[in-house]
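Student: Could you take me through one part of this structure at close range, and then show me how that part sits in the rest?

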Number of protein chains: 2
Amino acid sequence: MTQSEENYLKGIYHLSHAGQQSVATNAIAEHMETKPSSVTDMLKRLAEKGLVDYQRYKGVSLTESGAQSALKVIRKHRLWEVFLVEKLDFSWDEVHEVAEQLEHIKSEQLIDRLDAHLDYPDFDPHGDPIPDKDGKFKAREKRLLSSLRPGDTGVCIGVKDSSSPFLRFLDKYGIALGSEISVTAKEEFDDSMAIRLGGQDLQISHQIASNLFVKPNR
Amino acid sequence: MTQSEENYLKGIYHLSHAGQQSVATNAIAEHMETKPSSVTDMLKRLAEKGLVDYQRYKGVSLTESGAQSALKVIRKHRLWEVFLVEKLDFSWDEVHEVAEQLEHIKSEQLIDRLDAHLDYPDFDPHGDPIPDKDGKFKAREKRLLSSLRPGDTGVCIGVKDSSSPFLRFLDKYGIALGSEISVTAKEEFDDSMAIRLGGQDLQISHQIASNLFVKPNR
DNA sequence: AAATAAATTTAGACAAAGCTAAAAATATGT
DNA sequence: ACATATTTTTAGCTTTGTCTAAATTTATTT
């Protein structure tokens, strides 16, 4: 399987889990920053290989085999991200590009040993779950911070938006995976919130709160 | 620069340091397991980019810029080999293939941090020197074991042949980088040698002795 | 020095992956 | 329901990197 094929499978996987079912050609093109005509070409090739179910004009979905392949790539991507952050001291906003390359290295042995070296992590530096060898991953209760009410508390376990500006914003205010957050107030008007973490009080916009995942305490 | 271009530069670099000066198209083809016509095509492209000096029918040599690029690839390859052996417990006969892929990952930051993580190694697991960021590497006195005479001693610092069968042979008899070796006898007839290392006596053929580098003690 | 052999290059094809522009199918608005 | 807009596909071209077969250049023999 080529790198490009792997990238398409990964893209289709992500799109078919955000929205549902069959994914539109245009959606893929936009997601992969390419042209719809190029997507069509690739879909035909992937269909040939039994990795996707594709009928022209009807969108596409991953076959079982395609989904397994996508999960393998995602596993590699996320394990490399953990490596970069834990072992090479990258910050969480710097890892994506490099992991995009590393995810295409072909060696079962390499990824198994990397997994062991990292002590079998379940989540990557953005809080996304890492599939195991069989493509299964640990679920955990995950809600947007914006859905909590004043008085509620939770632990930061991930981000929805993983763009560099957002991640750098979080770093700046000391918000990291594992941070204990309690909601002290919520503004009706603009849905901004007052939160407390590690001794300090912060005022955060709805924009921010709706891109942070927390595991609520009960 | 594409992966293929990088591979050619690396190949030309190795060939022009084993033999001398300008490298023949056929030699490159053989070394890279491809056809001479493909090599010609690539040489033209590399010449276009100012990475090699090439005149048709006359062979090819690296320009300053081409040599620098080749050294960067070699640096990455060897650093990754160290990583695989030191951190992921690969054995020295398993690392080459994977390093062939990893050497093409593009990120200055990655390779700098990997270098630091590995504590700036000077030599790879086969004893080959690792170029620094400026393409320079540490020299050290290096002789073939076969050139020592009875009574001489030395430390094993590298292999000439780094094929799996040879490396596995060395493992089997406990010969590793850093092993203290003393020559106890040398057979006129077939140039085989009796050596002593770590308490045991071994009889090794000329084949073996002429593929092991040692730093002689004086 | 001509004849032959070996090395190298050219010409023409092919596959992967992309693009643009035009055509076809599907969806939407009134 | 029909015209328009949107989406998707097709057709044809480009680049990278490879190949085979034929042509050409260089090297070696006798």
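Tutor: Happy to: what follows starts from one residue and its strand, and then widens to the chain and the pair of chains.

Please keep in mind that this is a predicted model. Let us begin at B:I195, which lies in strand 6 of chain B, residues 193-197. Is B:I195 buried or exposed? B:I195 is buried, because its relative accessible area is 0%, and the cut-off for buried is under 20%. Its strand shares this character: four of the five residues in strand 6 of chain B are buried, leaving the strand mostly covered.

Which residues surround B:I195, once neighbours within four places in sequence are left aside? The contacts are B:I181, B:S182, B:V183 and B:T184, along with B:Q200, B:D201, B:L202 and B:I204. One of these, B:S182, is 13 residues away from B:I195 in sequence, yet the two C-alpha atoms are 5.5 Å apart in space.

The strand pairing helps to place those contacts. On one hand there is strand 5 of chain B (residues 180-186), which runs antiparallel to strand 6 of chain B and is joined to it by four bridges. Here the residue opposite B:I195 is B:V183. Six residues lie between these two strands in their hairpin, where B:D191 has a positive phi near 65 degrees. On the other hand there is strand 7 of chain B (residues 200-204), also antiparallel to strand 6 of chain B, with five bridges between them. In this pairing B:A194 faces B:Q203. The hairpin of strands 6 and 7 of chain B has two residues between the strands, and B:G198 takes a positive phi near 50 degrees.

For the sheet as a whole, let us turn to chain A. There, six strands make an open, antiparallel sheet in the order 3-8-4-5-6-7. Strand 3 (143-144) and strand 7 (200-204) of chain A each have a single partner strand, so they stand at the edges with one side lacking a neighbour in the sheet. At one of these edges, two bridges tie strand 3 of chain A to strand 8 of chain A (residues 212-216) in the antiparallel sense, and A:R143 has A:V214 as its bridge partner.

Stepping back further, chain A holds eight helices and eight strands. Chain A is divided into domain 1 (3-62) and domain 2 (143-216), whose centres are 34 Å apart over C-alpha atoms. Of the 218 residues in chain A, 44% are buried.

How do the two chains relate? A turn of 180 degrees with a shift of 0.0 Å along the axis lays chain A on chain B with an RMSD of 0.1 Å. The two copies are therefore related as by a two-fold rotation axis. In chain A, the residue closest to the rotation axis is A:L102, its C-alpha at 3.8 Å. The copies meet through the same surface, because 100% of the interface residues of chain A are also interface residues in chain B.

Finally, the largest nonpolar core has 32 residues, and A:W80, A:L84, B:W80 and B:L84 touch the most other members. Helix 4 (64-86), helix 5 (95-102) and helix 6 (108-117) of chain A, and the helices with these numbers in chain B, each give two or more residues to this core. B:W80 shows the arrangement well: its contacts beyond four places in sequence include A:W80 and A:L102 from chain A, as well as B:L102, B:L110 and B:L114.

Notes: Residues numbered from 1 in each chain as written. Chains lettered and ligands numbered in written order. Predicted model: local features only at pLDDT ≥ 70, side-chain atom pairs only at ≥ 80, totals over all residues. Heavy atoms only, no water. Buried < 20%, exposed > 50% of the residue type's maximum accessible area, 1.4 Å probe, protein only. Contact = heavy atoms within 4.5 Å. Domains from an automatic or database assignment. Least-squares fit on C-alpha atoms with pLDDT ≥ 70 in both. Pairing = 2+ DSSP bridges. Core = buried A, V, L, I, M, F, W, Y, C linked by side-chain atoms within 4.5 Å.
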